[in-house]
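Please read these points beside the coordinates. They are grouped by region.

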Amino acid sequence: MFAAGTGPSQGALIKSLSFVKKVKMGKRMEKALKEKAAASSTSQDAADDESKTPEPYSCTGMFEQDFTELCRRSGLQQGEIPPVVIRPKRPPTPPPPDPKAQTQVSAEDGEEEQKEPEEPKPTTYTTKDKFQYFKPTVQVEMENEDKPATVTEIYIRGWKVDDTMMGVLKQCLPTIEKLHTLYFWNTGLTEKTIAELASFLPQCSNLKNLTLDGNPVLEENFALLIGDDSLLANVSFRNNHITDKGAEMIGKALSTAKSCNKNLISLNLSYNKITDIGATHIANGLRMNRVVLSLSLASNQISDTGAKKLGEVLSRFPLTHEETVERRKLIREKGSPDRKSPSPPSRGRAESKDRPGSKGSGTVLDKTDKKRDKSSKKKDGKKSDKDKDDSPTKSKAMDAKKEKEEDKTVKGGAKKDDKWKKDTTRHGSKAEMQGTKTAKGKKTVGGKDKKGALLPESETPDVVEAINPLMDSVENIDGQLWIPGNRALINLNLSRNQISEGGFKALLLGVQYQMTLNSLQPNPALKGLMRISLNKNAISPSNDAVSKLQELMTTRDPFYKPPSQSPDGDSQSHGGQ
């Protein structure tokens with residue numbers, strides 16, 4: 001009975017075990033399928049993430065935070081991101097030794113014993129870890145080191161700024177409101193990175209100083225940085241191996257017959273490879289430029305030919321055909337509103353007392369009408385400006401005055417909306433200062449609203465407006481139009497070149513012409529050359545032209561102080577003391 005009873009129980013046990021095994025296998029399969037599905041979904045999500053563009057980063061104006069985040073997003077590893085550090089400053093001068101330090105006298109033997117002070121730690125230099133000095137860093141200066149958004153100057157020295165790094169700077173530099181100085185020294189810039197730099201620098205509204213030293217580029221496209229839309233005031237291109245090719249592009253960027261850089265004040269082109277051909281291109285750029293105040297061409301390869309061209313630009317020069325054509329266009333554009341005379345009035349309009357005939361139409365009131373007008377004025381007891389103009393003597397005086405003013409504007413003035421002048425709606429730096437002139441000679445800043453009504457004007461101090469040199473007074477010599485040269489340039493550095501006696505004489509004539517012109521036509525904004533550096537050229541310091549030029553420029557130096565004139569008796573007494 002027992003054996004017969006165990007059969008069914010063993011079969012049921014075997015069936016239950018097989019069922020459990022199947023359940024476990026099912027769970028394993030289900031788990032494996034879930035893991036496989038999860039892995040596939042994860043890979044799909046990763047693929048989707050790779051295909052999707054990352055969310056763009058919005059710069060906050062805090063340079064260190066923006067720079068680090070943009071470098072990380074561009075694919076740089078943590079150790080490859082240059083740290084942003086405060087620019088090291090020269091340690092202050094250590095204080096002098098204490099004068100109160102005195103010798104101490106021993107009470108036992110009565111001998112003097114001088115107390116030796118402890119030697120202080122050196123403060124004239126700072127130390128860093130090994131190789132830390134050579135690691136790439138971005139040095140900054142701030143108005144307030146506690147506020148990261150007050151970066152004013154950025155210095156990058158001695159490491160390559162590639163396309164990726166320039167792209168990072170393109171995003172974060174325009175958001176720094178107080179940035180005014182950018183310095184690249186030996187950073188391996190290329191044609192592409194310079195073009196990229198030139199594309200976003202105009203977006204930095206307060207950036208005025210740019211230094212690109214030690215960055216030779218084969219294409220020499222540095223002129224892109226000082227184009228018409230540039231806001232830079234001080235630019236340095238030292239030691240960039242600039243040849244005549246780059247000098248030609250820089251000269252055209254300074255000015256042409258139709259355009260002019262209106263913001264650049266100082267340009268440093270020293271330690272390059274500019275010859276007489278390049279100096280001629282730079283001189284041509286100064287023909288129509290009245291903004292550059294300082295130019296350095298030191299340590300180049302300029303000889304007498306280039307110096308003579310610069311001397312010609314300083315004195316006077318004839319206009320080229322292109323410049324003459326542009327001058328005629330400007331005069332025509334300026335005179336077109338005055339030349340348009342109104343249509344001849346009708347008979348009834350000419351006889352009307354309220355609306356007398358215009359002067360330009362050629363109609364003249366007869367004597368009876370004038371007497372009738374005068375009698376009516378006396379009866380009414382009112383005299384308006386229009387009635388005063390009816391007098392023949394006054395009308396003649398007004399016509400003569402108008403003609404004289406037109407002559408002055410053609411000779412020395414220019415139209416407000418002249419293309420050569422600075423666009424008043426573009427940058428607003430100098431345009432706000434210019435304003436419009438009133439009858440009293442003061443300048444006001446105002447305008448009209450949409451309906452044409454005059455807005456309230458606020459008076460500002462007189463500011464000398466930049467005048468297009470093509471609209472300056474001309475002199476006809478042998479069929480050519482000659483205009484005065486560049487008197488805006490006040491500092492010229494031609495040291496360490498190859499200039500000899502001929503070049504010195506040309507520069508001397510240019511300075512003498514400027515002084516004569518200043519005495520005849522004084523202009524507070526155009527005083528002429530005040531300082532010129534000509535050391536270490538191909539001429540003896542004892543040469544007559546050198547001594548005359550030095551003597552002439554000594555009195556023009558703004559820092560020159562003439563010797564005090566004292567009586568002979570006083571000088572003798574001082575000498576005897």
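The notes below concern a predicted model.

1. Helix α2. This helix covers residues 63-73, and its buried residues are F63, D66, F67, E69, L70 and C71. An α-helix has 3.6 residues a turn, so residues three or four places apart point the same way. F63, D66, F67 and L70, among the buried residues of α2, can be read with that spacing in mind. The charged residues D66 and E69 also belong to the buried group.

2. Surroundings of α2. The buried residues of this helix pack against three strands and a helix: β1 (84-86), β4, β5 (151-157) and α3 (163-172). After α2 comes G75, with a positive phi near 105°.

3. Nonpolar surface patch. Three aromatic residues, F131, Y133 and F134, make up a nonpolar patch on the surface. Together they have about 460 Å² of accessible area. F131 lies in the loop that runs between β3 (112-113) and β4 (138-142). F131 is classed as exposed because its relative accessibility is 55%, and the cut-off for that class is over 50%.

4. S230. Is this loop serine, S230, buried or exposed? S230 counts as buried because its relative accessibility is 5%, where buried means under 20%. The loop in question connects β7 (209-213) and β8 (234-236). Leaving out residues up to four places away in sequence, S230 touches L225, N261 and N263.

5. L507 in helix α14. L507 sits in α14, which spans residues 501-520. Its relative accessible area is 0%, so L507 is buried. Which residues does L507 contact, leaving aside its neighbours within four places in sequence? They are A307, L310, G311, L314, L494, I532, L534 and L549. One of these, A307, is 200 residues away from L507 along the chain, yet the C-alpha atoms of the two are separated by 6.9 Å.

6. Open sheet β11-β16-β15. Three strands form this sheet in the order given, with antiparallel pairing. β11 (316-318) and β15 are the edge strands; each has a single partner strand, so one side of each has no neighbour in the sheet. From one strand to the next, the twist averages 35°.

7. The β15/β16 pair. These two strands are joined in the antiparallel sense by three bridges. The bridge partner of I477 is Q480, in β16. The loop between β15 (475-477) and β16 (480-484) holds D478.

8. Positive phi at D478. D478 is not a glycine, but its phi is positive, about 55°. Most residues other than glycine have a negative phi. D478 is also exposed, because its relative accessibility is 78%.

9. Positive phi at K536. K536 is a second residue to check: phi is near 55°, a positive value in a residue other than glycine. K536 is placed in the loop between β18 (531-533) and α15 (544-556). With a relative accessibility of 68%, K536 counts as exposed.

10. Points to look at again. The backbone at D478, with its positive phi of about 55°, and at K536, with phi near 55°, can be viewed together. For burial, S230 at 5% relative accessibility and L507 at a relative accessible area of 0% can be set beside the exposed F131 at 55%.

Methods
Residues are numbered from 1 along each chain as its sequence is written. This is a predicted model: local features need pLDDT of at least 70, side-chain atom pairs count only at pLDDT 80 or more; totals for chains, interfaces and linings use all residues. Side-chain values use heavy atoms; hydrogens and water are left out. Helices (H or I, at least four residues) and strands (E, at least two) are DSSP runs, numbered from the N terminus. Buried means under 20% relative accessible area, exposed over 50%, partly exposed in between (1.4 Å probe, protein chains only). Contact means heavy atoms within 4.5 Å. Patches are made of residues with over 30% relative accessible area and no salt bridge: like charges are joined within 9 Å, nonpolar side chains (Val, Leu, Ile, Met, Phe, Trp, Tyr) within 5 Å. Accessible areas come from the Shrake-Rupley method with a 1.4 Å probe; for residues, only the protein chains shown count as cover. A salt bridge is a side-chain nitrogen of Lys or Arg within 4 Å of a carboxyl oxygen of Asp or Glu. Two strands pair if DSSP finds at least two bridges between them. Axes are lines fitted to C-alpha atoms, for helices over the stretch in contact, and angles run from 0 to 180 degrees between N-to-C directions.
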